[in-house]
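Work through these exercises with the structure open beside you. Try each task before you read its solution.

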Amino acid sequence: MQTFLFLKVVKPVLSRLRTLGRGKHNMEPKLILTVILLLLTATVTADYVRPKRRKTLHFPWKPRDSSLPQQVHISLAGEKQMRITWITDDNNSPSLVEYGTSSGEYNCASQGESTSYSYLFYSSGKIHHTVIGPLEDNTVYFYRCGGQGPEFQLKTPPSQFPLAFAVAGDLGQTGWTSSTLHHIGQCKYDIHLLPGDLSYADYLQHQWDTFGELLQPLASARPWMVTQGNHDKESIPLFKEGFASYNARWKMPFQESGSSSNLYYSFEAAGVHVTMLGSYADHDEYSDQYDWLKADLSKLDRRRTPWLLASFHVPWYNSNKAHQGEGDSMMASMEKLLYAAGVDIVFTGHVHAYERSKRVYGGKPDSCGAVHITIGDGGNREGLAQGYKNPAPEWSVFREASFGHGELKIMNSTHALWSWHRNDNDEPVRSDEVWITSLASSGCLNEKSHEFMKTFMLALGLAFTEMPARLTG
């Protein structure tokens with residue numbers, strides 16, 4: 001491509017400029033070079049034509065047995081356990097999951113719980129949540145829901161590195177969503193992270209049903225760990241606002257991780273601790289979420305979990321013109337805790353584009369800060385956020401308004417490979433890639449300011465002398 005550009009564009013211009021340079025114009029060599037670079041840059045930029053927005057998917061009604069499982073998805077539910085969630089139209093269907101390591105042979109069974117909810121004129125089906133386990137690591141299990149219906153299969157995450165995450169936020173239910181899900185299905189991953197805005201249902205409850213149907217082929221096979229976004233909230237003037245549908249349908253391991261709310265929780269896999277925070281739950285220094293975060297981080301053992309990830313919906317570092325400043329209040333109260341604990345990577349959504357930062361803290365590049373990745377480009381109905389602030393901030397490394405998904409492959413305790421794959425005419429194109437070194441191996445956890453770490457430990461309610469072994473590794 002570069003050779004073509006040189007022959008067709010740059011070389012003729014260069015010849016013309018040289019001719020002008022010999023005459024009365026006498027152009028400076030630096031000016032000639034500047035013109036060439038501008039032409040080359042303009043040509044490369046124009047070479048990629050961003051695809052248009054795609055329509056919302058249509059889901060035709062299909063007759064089905066009321067007792068058969070629908071919208072099956074799974075999530076981690078504590079050490080060596082998995083939560084199976086599904087919906088039936090039959091309120092008498094049991095919350096039973098039978099499972100085993102051979103197809104058609106279910107030598108284990110678990111009984112769970114169920115719930116339902118109503119909103120305006122909508123009433124959900126019976127929502128089943130059943131925890132199975134203990135399960136072997138890195139093992140395929142076959143399972144059946146409700147004592148009948150089709151067989152599903154899942155694979156548990158490994159107990160040791162490598163560990164792979166697929167990451168995509170702001171999914172919605174459009175043609176681009178289908179493309180993103182297809183690409184995710186082609187990659188090898190152990191856990192999916194979704195930093196908010198799942199169905200884009202807002203208050204239209206039937207769209208939660210179609211979203212569950214859309215996700216089932218992937219979400220029934222690998223654990224999907226999610227946090228809430230603004231489009232997951234019911235919001236109609238004069239009516240009660242909240243996350244009734246999200247909380248009923250997408251139960252995460254909040255109780256297992258000591259949280260009092262499904263809007264924020266944590267989980268672990270292999271040598272990775274993941275803290276999922278709630279942008280739409282109270283987050284000031286007097287909130288329950290803030291207290292829970294302090295407690296969650298205080299339990300970390302970086303020798304056992306050398307990698308620390310965090311995810312929430314509204315980005316703190318965002319050079320896009322969309323949603324500027326919306327994460328400032330949460331950042332003001334919580335960034336210092338994540339920095340002191342040594343968070344390696346933060347995943348967010350909300351802005352319908354992709355952006356990756358340097359390691360950053362307090363608005364400036366910091367080699368001991370977190371890499372912030374905005375990935376709200378899963379396929380939402382609102383389209384892409386194409387306007388960026390210029391010039392780019394010093395902390396911004398890569399940014400592009402395209403739909404796509406990310407893959408994080410944590411190879412070992414020290415190195416991970418991050419890649420972002422643009423949806424380019426239904427083909428996943430790897431457009432950004434970087435190796436990331438864990439803070440636990442870089443010395444940062446030992447080099448942080450003595451006073452800063454002391455302040456952090458006092459906020460946790462621990463004696464300063466308790467800090468080194470568990471948090472620094």
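**Exercise 1. The core**

Which residues does I84 touch, not counting residues up to four places away in sequence?

Solution. Start with the ground rules. This is a predicted model, where local features need pLDDT of at least 70, side-chain atom pairs count only at pLDDT 80 or more, and totals for chains, interfaces and linings use all residues. Residues are numbered from 1 along each chain as its sequence is written, and side-chain values use heavy atoms, with hydrogens and water left out.

Step 1. Fix the term: contact means heavy atoms within 4.5 Å.

Step 2. List the partners. I84 touches V72, H73, I74, V97, H128, H129, T130, I132, Y143, C145 and L154.

Step 3. Place I84 in its core. A nonpolar core is a set of buried Ala, Val, Leu, Ile, Met, Phe, Trp, Tyr and Cys residues joined through side-chain atoms within 4.5 Å. Buried means under 20% relative accessible area, exposed over 50%, and partly exposed in between (1.4 Å probe, protein chains only). The largest nonpolar core has 97 residues. I84, Y143, F165, W224, W250 and W418 touch the most other members.

Step 4. Look for another core. One of eight residues lies apart from the largest, with W176, V351, L384 and A385 among its members.

**Exercise 2. The whole chain**

Find how many helices and strands the chain has, and what share of its residues is buried.

Solution. Step 1. Count the elements. Helices (H or I, at least four residues) and strands (E, at least two) are DSSP runs, numbered from the N terminus. The chain has eleven helices and 24 strands.

Step 2. Check burial. Of the 473 residues, 54% are buried.

Step 3. Check the contacts. Take those with a separation of 6 or more: residues 24 or more positions apart account for 68% of them.

**Exercise 3. Salt bridges**

Find the partners of K251, D202 and D344, and say whether each residue is buried or partly exposed.

Solution. Step 1. Recall the idea. Side chains of opposite charge can pair when their charged atoms come close. A salt bridge is a side-chain nitrogen of Lys or Arg within 4 Å of a carboxyl oxygen of Asp or Glu. The count comes to 16 salt bridges.

Step 2. Take K251. Its partner is E113, with the closest N and O atoms 2.5 Å apart. K251 sits in the loop between α5 (244–249) and β14, while E113 is in strand β5, 138 residues apart. K251 is buried at 14%, whereas E113 is partly exposed at 39%.

Step 3. Take D202. It pairs with R381, the closest N and O atoms being 2.6 Å apart. This pair also links distant parts of the chain: D202 is in the loop between β12 and α4, R381 in the loop between β20 and β21, 179 residues apart. D202 is buried at 18%, and R381 is partly exposed at 31%.

Step 4. Take D344. It pairs with R359, with closest N and O atoms 3.6 Å apart. D344 lies in the loop between α7 and β17, and R359 in strand β18, so the pair ties together parts that are 15 residues apart in sequence. D344 is buried at 0%, and R359 is buried at 14%.

Step 5. Extend the picture. R302, D344 and R359 are linked in a network of salt bridges.

**Exercise 4. Empty space**

Find the volume of the largest pocket and of the largest cavity.

Solution. Step 1. Fix the terms. On a 1 Å grid over the protein atoms alone, a cavity is a set of points where a 1.4 Å probe fits but cannot get out. A pocket is an open set with protein on both sides within 12 Å along at least five of seven lines. Lining residues have an atom within 4 Å of a point. Grid points are joined across faces, edges and corners, and a volume is the space filled by probe spheres set on the points.

Step 2. Take the pocket. The largest pocket holds about 670 Å³. Its lining has 26 residues, with G78, E79, K80, E268 and A269 nearest its centre. Strand β14 (residues 265–269) gives the largest share, four residues.

Step 3. Take the cavities. There are two of 30 Å³ or more. The largest has a volume of about 90 Å³. Of its 13 lining residues, Q71, H73, G212, R249 and W250 lie nearest its centre. The largest share of that lining, five residues, comes from α4.
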